[in-house]
Amino acid sequence: MSQVDQYAVFGHPINHSKSPRIHTLFAQQTQQELIYTAQEVPAESFTSAITHFFKQGGKGLNCTVPLKELAWQRADSLSKRAQFSKAVNTLVLQADGSLLGENTDGIGLVTDLTVNHNISLHNKRILILGAGGASRGIIAPIMDKSPTHIVIANRTVKKAITLSNEFSQLGNITGCSYDEVKDSEFDLILNATSASLTGDLPPLSDNLLANKGHCYDLAYSNDPTAFVKWGLAHNAEKSLDGLGMLVEQAAEAFNIWRGVRPETKEIIALLNSERN
Ligand code: NDP
């Protein structure tokens, strides 16, 4: 008896995840038969949950907070992107039963910025707020687009400096405190902190954003996030949240699993229309 291919996202908390909806829309659009579920998996259950999932016929898995580093450790092999970022958001079952780890977050962000919103990264001064897992995943794909430089500012300064050192072979990347960056100016500010999830803002000075600059919050919510509002209040040409990135990283994962890349524009438009 042939079984429908199973996919899932593991995370904790996971009840508000949009991934099942997005992948179900992708499957309908590309006429693929599959089932995609969200499963509540705390870090301590990760190893047993993975073993169970793939034993039951699972074909591919997404991992989100707080599991991306554990997924990186668990993967039997890693793509170049995942190797570098030390975080895996997509696991792919290989023909020999091993698990390949991928990271599609960074390419998802870059596609949303450059293709969906026509925001060029070339020769741009870019500030990344935060030095956690999301920052790790986005640095290399951004550097591929040849910005002038990236500055990483973080509350725990040591983490920003460590991260910038790890990626410094890719170009001009520095890490510092929020205070050290307060007199600088940037063309694009990316909020990769989780502050928006609690309605908070990192300490940002009023002159950080250049004329015609853009703001992008990797977090997303039905209402504008605190950082999206900050961008609007500081005359950002565009001040966006991470819904488009979410759909684009999912489309990359779907392509890796199914060999077909969904059309994302109509799905982003649909999800946008469902806000509120
Ligand atoms: P992590 O927990 O790994 O990192 C969190 C970062 O936020 C740390 O740098 C932390 O600083 C900083 N931070 C947390 N609270 C505050 C605060 N109140 N003020 C200043 N800094 C703060 O999280 P991730 O990197 O995995 O995720 C970050 C964000 O990116 C989340 O909002 C997540 O939802 C979003 N995301 C969106 C994706 C999408 O597809 N749209 C994909 C991936 C992530 P410190 O080091 O000092 O603790």
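An oxygen atom of the ligand lies 3.0 Å from a polar backbone atom of Ser194, and this contact is a convenient place to enter the structure, which is a predicted model. Two side chains also approach the ligand through polar atoms: an N or O atom in the side chain of Lys159 is 2.7 Å from an oxygen atom of the ligand, and an N or O atom in the side chain of Arg155 is 2.9 Å from an oxygen atom of the ligand. The surroundings of the ligand comprise 25 residues, of which the closest are Ala134, Asn154, Thr156, Lys159 and Leu218.

From the ligand one can turn to helix α7, which spans residues 157–167 and whose buried residues are Ala160, Leu163, Ser164 and Phe167. These buried residues lie on the same side of α7, because the arc that they cover around the axis is only 95 degrees. The face of the helix turned away from that buried side carries Lys158 and Asn165, which are exposed. Among the elements that cover the buried residues of α7 are the helices α4 (80–85) and α6 (133–143), together with the strands β8 (149–153) and β9 (173–176).

Helix α6 contains Ala140, which counts as buried because its relative accessibility is 18%, below the 20% cut-off for that class. When residues up to four places away in sequence are set aside, Ala140 touches Phe84, Phe167 and Leu170; of these, Phe167 has already appeared among the buried residues of α7. By contrast, the C-alpha atom of Ala140 is separated by 25 Å from that of Asp179, a residue 39 positions apart from Ala140 along the chain.

Another part of the model is organised around an open sheet of six strands, in which the order is β2-β1-β3-β5-β6-β4 and the pairing is mixed. The edges of the sheet are formed by β2 (34–40) and β4 (77–78), each of which has a single partner strand, so that one side of each is left without a neighbour in the sheet. At one of these edges, β2 pairs with β1 in the parallel sense over seven bridges, and in this pairing Phe10 has Gln39 of β2 as its bridge partner. Strand β1 itself is mostly covered, since five of its seven residues are buried. At the other edge, β4 runs parallel to β6 (residues 99–102) and is joined to β6 by two bridges, with Leu78 standing opposite Gly101 in β6.

Two helices lie across strands of this sheet. Helix α1 (residues 19–30) lies across β1 (5–11), β2 and β3 (58–63), and runs at about 175 degrees to β2. Helix α2 (residues 46–55) lies across β1, β2, β3, β5 (90–93) and β6, and runs at about 150 degrees to β3.

The loops that follow some of these strands hold further local detail. In the loop between β4 and α4 one finds Ser79, which counts as buried because its relative accessibility is 13%. The side chain of Ser79 forms a polar contact of 3.1 Å with the side chain of Glu102, and, apart from residues up to four places away in sequence, Ser79 touches Leu100, Gly101, Glu102 and Asn103. Two other loops contain cis peptide bonds: the bond from His12 to Pro13 is cis with omega near 5 degrees, Pro13 being located in the loop between β1 and α1, while the bond from Val65 to Pro66 is cis with omega near 0 degrees, Pro66 being located in the loop between β3 and α3 (68–74).

Further along the chain, Ser205 is placed in the loop between β10 (186–191) and β11 (209–217), and with a relative accessible area of 18% it is buried. A polar contact of 3.0 Å connects the side chain of Ser205 with the side chain of Asn207, and, leaving aside neighbours within four places in sequence, Ser205 is in contact with Lys182 and Trp230.

Two residues that are not glycines have a positive phi. Lys212, in strand β11, has a phi of about 65 degrees and counts as exposed at 57% relative accessibility. Asn235, in the loop between α8 (226–233) and β12 (238–241), has a phi of about 60 degrees and counts as exposed at 65% relative accessibility.

Note on methods. Residues are numbered from 1 along each chain as its sequence is written. This is a predicted model: local features need pLDDT of at least 70, side-chain atom pairs count only at pLDDT 80 or more; totals for chains, interfaces and linings use all residues. Side-chain values use heavy atoms; hydrogens and water are left out. Buried means under 20% relative accessible area, exposed over 50%, partly exposed in between (1.4 Å probe, protein chains only). Helices (H or I, at least four residues) and strands (E, at least two) are DSSP runs, numbered from the N terminus. The arc is that of the directions from the helix axis to the C-beta atoms. Contact means heavy atoms within 4.5 Å. Two strands pair if DSSP finds at least two bridges between them. Axes are lines fitted to C-alpha atoms, for helices over the stretch in contact, and angles run from 0 to 180 degrees between N-to-C directions. A residue is near a molecule or strand if one of its heavy atoms lies within 4 Å of it. A polar contact is a pair of N or O atoms within 3.5 Å; within protein, one must be able to donate a hydrogen and the other to accept it, and residues adjacent in sequence count only if both atoms are side-chain atoms.
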